[in-house]
Amino acid sequence: MEPLHHEVTVACDRASAFRLFTTGLGSWWDAAYSPDAATFTGAEVEPRVGGAVALLHGERRFRFGEVLVWDRPAHYAQSFWLSMDAAHPTRLDVRFEEEDGVCTVFFDHGGWTEHTVAHRARLGDWSHLLGRFARAAAELG
């Protein structure tokens with residue numbers, strides 16, 4: 001099955017966009033897309049292949065992925081199992097291309113299998129999240 005594909009142009013260089021998308025995830029992620037919006041305090045991405053990707057709720061960490069590619073500032077990928085069985089993750093693949101100080105982010109959510117395809121429609125609200133990411137990037141300039 002084809003990945004869910006999105007492109008977003010952000011008003012910053014690709015190094016800044018990469019940093020915001022990864023280690024700045026907690027600044028643009030919508031708390032409504034976490035286990036408990038009322039206690040959401042952020043997110044963290046360990047900046048290395050094999051690093052954990054987690055949503056933070058005070059002292060509690062809800063791991064929902066693992067870094068698969070860390071090629072700063074051009075390419076980031078992670079496994080993704082938010083609200084799915086961690087034994088059957090999907091994959092987020094994000095590429096950053098810059099021209100004249102403006103970065104285009106190419107986002108694919110793929111790796112759909114018989115175990116995950118039922119979640120595809122429910123996990124397709126990336127336009128909303130990437131819109132929040134673009135607004136946060138605009139603030140970086």
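**View 1. Strand 5 and strand 6 pair side by side in the antiparallel sense.** Six bridges join strand 5 to strand 6, which covers residues 90–99. Look for Phe80 here: its bridge partner in strand 6 is Thr90. Please keep in mind that this is a predicted model.

**View 2. Seven strands make up an open sheet.** Reading across the sheet, the strand order is 1-7-6-5-4-3-2, and the pairing is antiparallel. Which strands stand at the edges? They are strand 1 (4–10) and strand 2 (42–45); each has a single partner strand, so one side of each is left without a neighbour in the sheet. On average, and with direction ignored, neighbouring strands of this sheet are turned by 20° against each other.

**View 3. Helix 1 packs on the sheet.** Five strands are touched by this helix: strand 1, strand 4 (60–71), strand 5, strand 6 and strand 7. The direction of helix 1 makes about 155° with that of strand 6.

**View 4. Helix 3 lies across part of the sheet's strands.** The strands concerned are strand 1, strand 5, strand 6 and strand 7. Relative to strand 1, helix 3 runs at about 15°.

**View 5. Phe18 and Tyr76 form an aromatic pair.** The structure holds 16 aromatic pairs, and here we zoom in on one of them. The ring centres of Phe18 and Tyr76 are 6.4 Å apart and the planes stand at 90°, so the pair is edge-to-face. This pair links distant parts of the chain, with Phe18 in helix 1 (residues 14–21) and Tyr76 in strand 5 (residues 75–80), 58 residues apart. Are these two residues buried or exposed? Phe18 has 0% relative accessibility and therefore counts as buried. Tyr76, also at 0% relative accessibility, counts as buried too.

**View 6. Phe107 and Trp126 form a tilted pair.** With ring centres 4.7 Å apart, Phe107 and Trp126 have their planes at 50°, an angle between the 30 and 60 degree limits, so the pair is tilted. Phe107 sits in strand 7 (residues 102–110) and Trp126 in helix 3 (residues 126–140), so the pair ties together parts that are 19 residues apart in sequence. Both residues, Phe107 and Trp126, are buried.

**View 7. The two pairs belong to one aromatic cluster.** Here you can find Phe18 and Tyr76 again, together with Phe107 and Trp126. The other members are Phe21, Trp28, Trp29, Phe64, Trp70, Phe80, Phe96 and Phe133. Phe80 is also the residue whose bridge partner in strand 6 is Thr90.

How values were computed. Residues numbered from 1 in each chain as written. Predicted model: local features only at pLDDT ≥ 70, side-chain atom pairs only at ≥ 80, totals over all residues. Heavy atoms only, no water. Phe/Tyr/Trp six-rings, centres within 6.5 Å; stacked < 30°, edge-to-face > 60°. Helix = DSSP H or I, 4+ residues; strand = E, 2+ residues; numbered from the N terminus. Buried < 20%, exposed > 50% of the residue type's maximum accessible area, 1.4 Å probe, protein only. Pairing = 2+ DSSP bridges. Axes fitted to C-alpha atoms, helices over the stretch in contact; angles between N-to-C directions. Contact = heavy atoms within 4.5 Å.
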